[in-house]
Amino acid sequence: MLYLLEANYRESVKEFDFTDKMPYDENGFIYEYHGTKREDFEDVISKMIDAQSGIGLPQGYVPETVYFLWDNDEIVGMFRFRHYLCESLIEGGGHIGYYIGEEFRGKGYGTKGLKLLLKETRDGLREDEFYLRVNKDNIASQRVILKNGGYIHHTNGDKVFLRISKQGRKAK
């Protein structure tokens with residue numbers, strides 16, 4: 001069974017084991033806690049949980065919720081949902097960023113995980129659309145977004161900016 005679970009202390013061992021394999025930057029998904037030692041990971045979980053309420057955020061950051069995508073008892077991905085947009089996010093990372101573990105790619109986890117995230121966060125979205133940005137050469141992520149009702153809003157240099165209506169269908 002596939003489901004999303006917010007970052008939490010109860011699952012911190014599996015959360016650490018998954019994130020320990022993540023690079024600092026892959027296709028624009030930045031994992032700022034790359035290189036964290038196991039004994040320091042509860043501090044990372046605390047920061048993730050605090051970020052949901054806007055506690056301890058650097059200047060210019062907005063509250064975000066970190067979700068892990070689980071397939072039964074195994075974590076296969078991580079999704080970030082930024083609760084609203086600030087100026088830098090409109091042409092930056094947007095509302096959603098995600099990472100699927102290397103060994104789980106090409107199996108539909110990105111598409112299914114994004115679908116779950118959209119459903120989970122739709123009611124709390126302030127804007128009419130979810131904003132997402134991907135690298136032009138990241139065709140797999142573009143397909144994931146398009147399969148979830150997204151459309152290409154515009155491009156800029158090496159980035160593609162996509163939108164998904166919060167009603168789940170393309171905006172006119």
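Visitor: At what angle do H4 and H5 pack, and how far apart are their axes?
Guide: In this predicted model, Gly110, Thr111 and Leu114 of H4 meet Val144, Ile145 and Lys147 of H5. The crossing of these two helices is right-handed. H4 and H5 pack with their axes 9 Å apart, at an angle of about 45 degrees.

Visitor: Are H4 and H5 parallel, perpendicular or oblique to each other?
Guide: The angle between H4 and H5 is about 45 degrees. Angles under 35 degrees count as roughly parallel and those of 65 to 115 as roughly perpendicular. The angle of this pair falls in neither class, and H4 and H5 are therefore oblique.

Visitor: With which residues is leucine 114 in contact, leaving aside its neighbours within four places in sequence?
Guide: Leu114 is one of the H4 residues that meet H5, and it is also among the residues with the most contacts inside the largest nonpolar core. Leaving aside neighbours within four places in sequence, the residues in contact with leucine 114 are Phe79, Ile96, Val144, Ile145, Asn148 and Ile164.

Visitor: Which element gives the largest share of the largest nonpolar core?
Guide: This core has 23 residues, and those with the most contacts inside it are Phe79, Ile96, Leu114 and Phe130. The elements that give two or more residues to it are S4, S5, S6, H4, strand S7 (129-135), helix H5 (139-147) and strand S9 (159-165). The largest share is 4 residues, and the element that gives them is H4.

Visitor: How many residues are in the second, separate core?
Guide: Among the members of this second core are Phe18, Phe29, Ile75 and Tyr99. The core is separate from the largest one, and its number of residues is 17.

Visitor: Which strands stand at the edges of the open sheet of 4 strands?
Guide: The order of this sheet is S1-S4-S5-S6, with antiparallel pairing. Each strand at an edge has a single partner strand, so one side of it is left without a neighbour in the sheet; the two strands in that position are S1 (2-6) and S6 (96-100).

Visitor: Which strands does helix H4 touch where it packs on the sheet?
Guide: Within the sheet, 5 bridges join S5 (residues 74-82) to S6, and these two strands run antiparallel; the bridge partner of phenylalanine 81 in S6 is isoleucine 96. Helix H4 (residues 109-121) packs on this sheet, and its direction makes about 45 degrees with that of S5. The strands that H4 touches are S1, S4 (64-71), S5 and S6.

Visitor: What is the average twist from one strand to the next in the open sheet of 3 strands?
Guide: This sheet has the order S7-S9-S8, with antiparallel pairing. S7 and S8 (151-156) stand at its edges, each with a single partner strand, so one side of each is left without a neighbour in the sheet. From one strand to the next, the twist averages 25 degrees.

Visitor: What angle does the direction of H5 make with that of S7?
Guide: In this sheet 7 bridges join S7 to S9, which run antiparallel, and glutamate 129 has serine 165 in S9 as its bridge partner. H5 packs on the sheet and touches S7, S8 and S9; the angle between its direction and that of S7 is about 160 degrees.

Visitor: Are H1 and H2 roughly parallel or roughly perpendicular to each other?
Guide: The contact is made by Ser12, Glu15, Phe16 and Thr19 of H1 and by Phe41, Glu42 and Ile45 of H2. Helix H1 (residues 12-19) and helix H2 (residues 41-52) have their axes 10 Å apart and pack at an angle of about 95 degrees. Angles of 65 to 115 degrees form one class, and H1 and H2 are therefore roughly perpendicular.

Definitions and conventions:
Residues numbered from 1 in each chain as written. Predicted model: local features only at pLDDT ≥ 70, side-chain atom pairs only at ≥ 80, totals over all residues. Heavy atoms only, no water. Pairing = 2+ DSSP bridges. Contact = heavy atoms within 4.5 Å. Axes fitted to C-alpha atoms, helices over the stretch in contact; angles between N-to-C directions. Core = buried A, V, L, I, M, F, W, Y, C linked by side-chain atoms within 4.5 Å. Buried < 20%, exposed > 50% of the residue type's maximum accessible area, 1.4 Å probe, protein only. Parallel < 35°, antiparallel > 145°, perpendicular 65-115°, else oblique. Left-handed = near helix turned anticlockwise from the far one by under 90°.
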